[in-house]
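Trainee: Before we start, could you take me through this model with some care, beginning with the nucleic acid and then turning to the enclosed space?

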Protein chains: 2
Amino acid sequence: MSMMTPDLAKQNCADCPIRHRAVCARCEPSELKLLEDIKYYRTYEPGQTVAWAGDKMDFVASVVSGAATLTQTMEDGRRQMVGLLLPSDFVGRPGRSSISYDVVAVSKLVMCCFRKPPFEQLIQTTPHIAERLLEMTLDELDAAREWMLVLGRKTAREKIASLLSIIARRDVPSAADGSRSLTFDLPLTREAMADYLGLTLETVSRQVSALKRDGVVVLEGKRRVHVPDLDLLMEEAGDDSDGGTLI
Amino acid sequence: MSMMTPDLAKQNCADCPIRHRAVCARCEPSELKLLEDIKYYRTYEPGQTVAWAGDKMDFVASVVSGAATLTQTMEDGRRQMVGLLLPSDFVGRPGRSSISYDVVAVSKLVMCCFRKPPFEQLIQTTPHIAERLLEMTLDELDAAREWMLVLGRKTAREKIASLLSIIARRDVPSAADGSRSLTFDLPLTREAMADYLGLTLETVSRQVSALKRDGVVVLEGKRRVHVPDLDLLMEEAGDDSDGGTLI
DNA sequence: AGTGCGCTTTGACGCAGATCAACTTTTGAG
DNA sequence: CTCAAAAGTTGATCTGCGTCAAAGCGCACT
């Protein structure tokens, strides 16, 4: 509550990406109104922790802007990122009180939150929302399983290309025209990329350099990435997807 | 339909594990009746394919007995298992017509099936089932993410121990008493284990031998595994879970 | 401008696990 | 029981990535 940003709290769902892509995608106006009534906003600075594994999380939320990561840690410090939350992604689960992963903002993060009790009540009375939630969870499951293939069977170079390709695909607006090239900002440090890919940061750095040397990507500074040919990138990623359209 | 086994088709939910652990867990008798009315059984032999990736799947199902795997394949033949279906696990997703993975029986498999159209109708009219489905999907998502840690950060030896520990934990009945030892049948070949763990079958074989040599497991034949001390196995797996209870 | 700190790059070297290959054990069909 | 195919074991060698170490940025401080 103390983190609520006044100007954002005044926005309504019409200004909020989740209206289109997340929980309320298929809702009636009257149902939207119910969501409106219980939502509020939170903002986090880069590096700030939203929740530690095992913490009670008394809200569910959609990412409005920025990025956050879900990470698991072993006692000896080995870490594995298990989710990357980009705008329109959903965190938190109805029916479970605590979260199993560390949730950390990796860039300036704005989330649209719903406190658990009224949200869970809403689920029970609004089948559209429950349905949409199931659909989103199934999508996440697909993403997790695709990532299992990356972690288990791909080479370091393919892993990097896969990650870039996933982030690029999420960045649709700038490539909505048929063009096969695009530019985007990498929201992750080399270390975070390594945690996502099951590599060390040195290997990540080396392979990014290799992709740059081979013309697959062009770096403008450390974080801004230009992809001259998306098909080439996806080929490097070993994706069997045709990639015909970005959607 | 042609695969339906007559004697099984006559069973009712009272004989069927899914009554207790899968879709109908929290249902009223009247709701159970609705599931009864649309369910039927299928059986598969070891090695038989239930569905290829991309196939239409016109039913959802719960595993009654046996085991099946979900596998992804790259064009060059690299394979990654993304799910292991044991009794009470659920396959198929409402709202999506085709499946994204190969589904293959790895031992004699019996599934309790529900055709899509009536099942989807049931979801819309029976909130208990929709809720339960969301909960199961969230559990699967947790399992997938736990597996990401295994694939991304664990050593070959830890991977093997993790897999054995997961299978052992599913085999609760024989360890329901407080005992910390148990024996179970491995439903997977070395190759299937390798596909699950992101290893080669040679490495799997070597590490299983190593665990045997070190007394972590005792093999009775190739497939029957005795774990003298479950705590030791879980320590080998690098699991931070206390393991206090098996449930 | 200078200084310190976090992030990134690059190099040298070692090792866990892949690869290639030979062999043994189990399974199951006839 | 017999024999062939499938599954599993074990060894020798190779290699991709991890590990350790040392510099090179870029940026926020004063």
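Trainee: Which residue has a side-chain N or O atom 3.2 Å from a base nitrogen of DNA strand D?

Mentor: Keep in mind that this is a predicted model. Sugar and phosphate account for 64% of the atoms of DNA strand D that come within 4 Å of the protein, but the contact you ask about involves a base nitrogen, and the side chain that places an N or O atom 3.2 Å from it belongs to Glu202(A).

Trainee: How far is a side-chain N or O atom of Arg190(B) from a phosphate oxygen of DNA strand D?

Mentor: Arg190(B) is listed among the nearest of the 16 residues around DNA strand D, together with Ala156(A), Thr203(A), Ser205(B) and Arg206(B). The side chain of Thr203(A) has an N or O atom 2.4 Å from a phosphate oxygen of the strand, while for the side chain of Arg190(B) the corresponding distance is 2.7 Å.

Trainee: Which element gives the most residues to the surface near DNA strand D?

Mentor: By class, that surface has 2 nonpolar, 7 polar and 7 charged residues. With 4 residues, the element that gives the most is α8(B).

Trainee: What is the volume of the largest cavity?

Mentor: A search of the whole structure finds 4 cavities of 30 Å³ or more. The lining of the largest has 10 nonpolar, 4 polar and 3 charged residues, with α5(B) giving the most, 4 residues. The space that lies in this largest cavity is about 180 Å³.

How values were computed
Residues numbered from 1 in each chain as written. Chains lettered and ligands numbered in written order. Predicted model: local features only at pLDDT ≥ 70, side-chain atom pairs only at ≥ 80, totals over all residues. Heavy atoms only, no water. Near = heavy atom within 4 Å. Polar contact = N/O pair within 3.5 Å; in protein donor to acceptor, adjacent residues only side chain to side chain. Helix = DSSP H or I, 4+ residues; strand = E, 2+ residues; numbered from the N terminus. Nonpolar A, V, L, I, M, F, W, Y, C, P; charged D, E, K, R; others polar. 1 Å grid on protein atoms, 1.4 Å probe; cavity = no way out; pocket = protein on both sides within 12 Å on 5 of 7 lines; lining within 4 Å. Points joined across faces, edges and corners; volume = space filled by probe spheres on them.
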